[in-house]
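Q: I am new to this structure and would love a close look at its salt bridges. Could you walk me through the charged side chains that pair up, and where they sit?

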Amino acid sequence: MSLPVSGRTRLIAHLGVPTESFRAPSIYNPFFEARGVDCIVVPMGCEAADFAAFLPLVTRLRNFAGALITMPHKAAAAGLLDEASVAVQVCGACNAVRRGAGGRLVGDMFDGDGFVRGVLRKGRRVAGASALVVGAGGAGSAIAASLAGAGLARLALFDADPQAAQRLSGRLRTHFPDLEIAAGTNEPAGCDIVVNATPLGMRPGDAMPLPVDRIAPQALVGDVVLTRDETAFLAAARARGCDVQVGGDMLFEQIPAYLDFFGLPAATPETLRELAHEQT
């Protein structure tokens, strides 16, 4: 039986549109129920035009525990913070907000943290390694920032918009001056970690994001696409002998970081998968 919602129940606002695609409530809420945590994730379909006014108000609720920020609000949320993590500063986007001392809005970005946690849990090394990230948008920026924060030595960046890759490169150099960066190449040869952080792979027949036949068989290959477990890109990488990381791994790996950020009980990705009310 579900925990009853009462006047003591704490609220995590899940802000974005459309809400029909939200997976967080079906992952967080079963965990809260199983562990007796009096907290609930509530989808809130806040329109873009209302977001700048709504976020500061919802964080002032007495039972506010935090906010999960998703599309299309991640960039707007970054501009409303009083305190921003390095990941937010690099990405220009934010996907988690809590209230700090004096009511200050504190924000972080955990997409990249989830990716890196997954890599490390697979027994792979990030510190001193080399990586290629294709896609310099929100997901790619977050992954690049977290890889850099974990001690990556060399990073290649590519985006269909060359200026986007150059801008991300500049932001990374500001915070990680020792990181060797090459912007404008999608050459995977010699890279220990190869990441597709673009939407390519969401639809059948999508082009490959990079030349798969140039990936070293010993590389770890990751994808951020959540609509299917194994994209054509990952299947091709697996056929070369590569270990792969699916988009769902990044999702479940980042939730423990969210829970810690909100000051809630810890969970493992395995526990969250076991309890989730969804097909994973």
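A: Let's start with the term itself: a salt bridge here is a side-chain nitrogen of Lys or Arg within 4 Å of a carboxyl oxygen of Asp or Glu. The general idea is that side chains of opposite charge can pair when their charged atoms come close. Please keep in mind that this is a predicted model.

With that rule in hand, take R214 and E187, whose side chains form a salt bridge with an N to O distance of 3.2 Å. R214 belongs to the loop between β10 (193-196) and β11 (220-223), while E187 belongs to the loop between β9 (180-183) and β10, so this pair ties together parts that are 27 residues apart in sequence. How accessible are these two partners? R214 is partly exposed, with a relative accessible area of 44%. E187 is partly exposed as well, at 29%.

In total, the rule gives 12 salt bridges. Two others are worth a visit, and R121 takes part in both.

One of them pairs the side chain of R121 with that of E253, at 2.6 Å from N to O. Because R121 lies in helix α5 (residues 111-121) and E253 in helix α9 (residues 247-261), the salt bridge ties together parts that are 132 residues apart in sequence. The two partners can also be described by their accessibility. R121, at 47% relative accessibility, counts as partly exposed. E253, with a relative accessible area of 9%, is buried, because buried means under 20%.

The other salt bridge joins R121 to E270, with 2.1 Å between N and O. Here, too, distant parts of the chain are linked: R121 is in helix α5 and E270 is in helix α10 (residues 269-275), 149 residues apart. E270 is partly exposed, with a relative accessible area of 43%.

Now put these pieces together. Through salt bridges that share partners, R121, E253 and E270 become one network. If you follow it in the 3D view, you can begin at R121 in helix α5, go to E253 in helix α9, then return to R121 and go on to E270 in helix α10. Along this path you meet a buried residue, E253, and two partly exposed ones, R121 and E270.

Note on methods: Residues numbered from 1 in each chain as written. Predicted model: local features only at pLDDT ≥ 70, side-chain atom pairs only at ≥ 80, totals over all residues. Heavy atoms only, no water. Helix = DSSP H or I, 4+ residues; strand = E, 2+ residues; numbered from the N terminus. Buried < 20%, exposed > 50% of the residue type's maximum accessible area, 1.4 Å probe, protein only.
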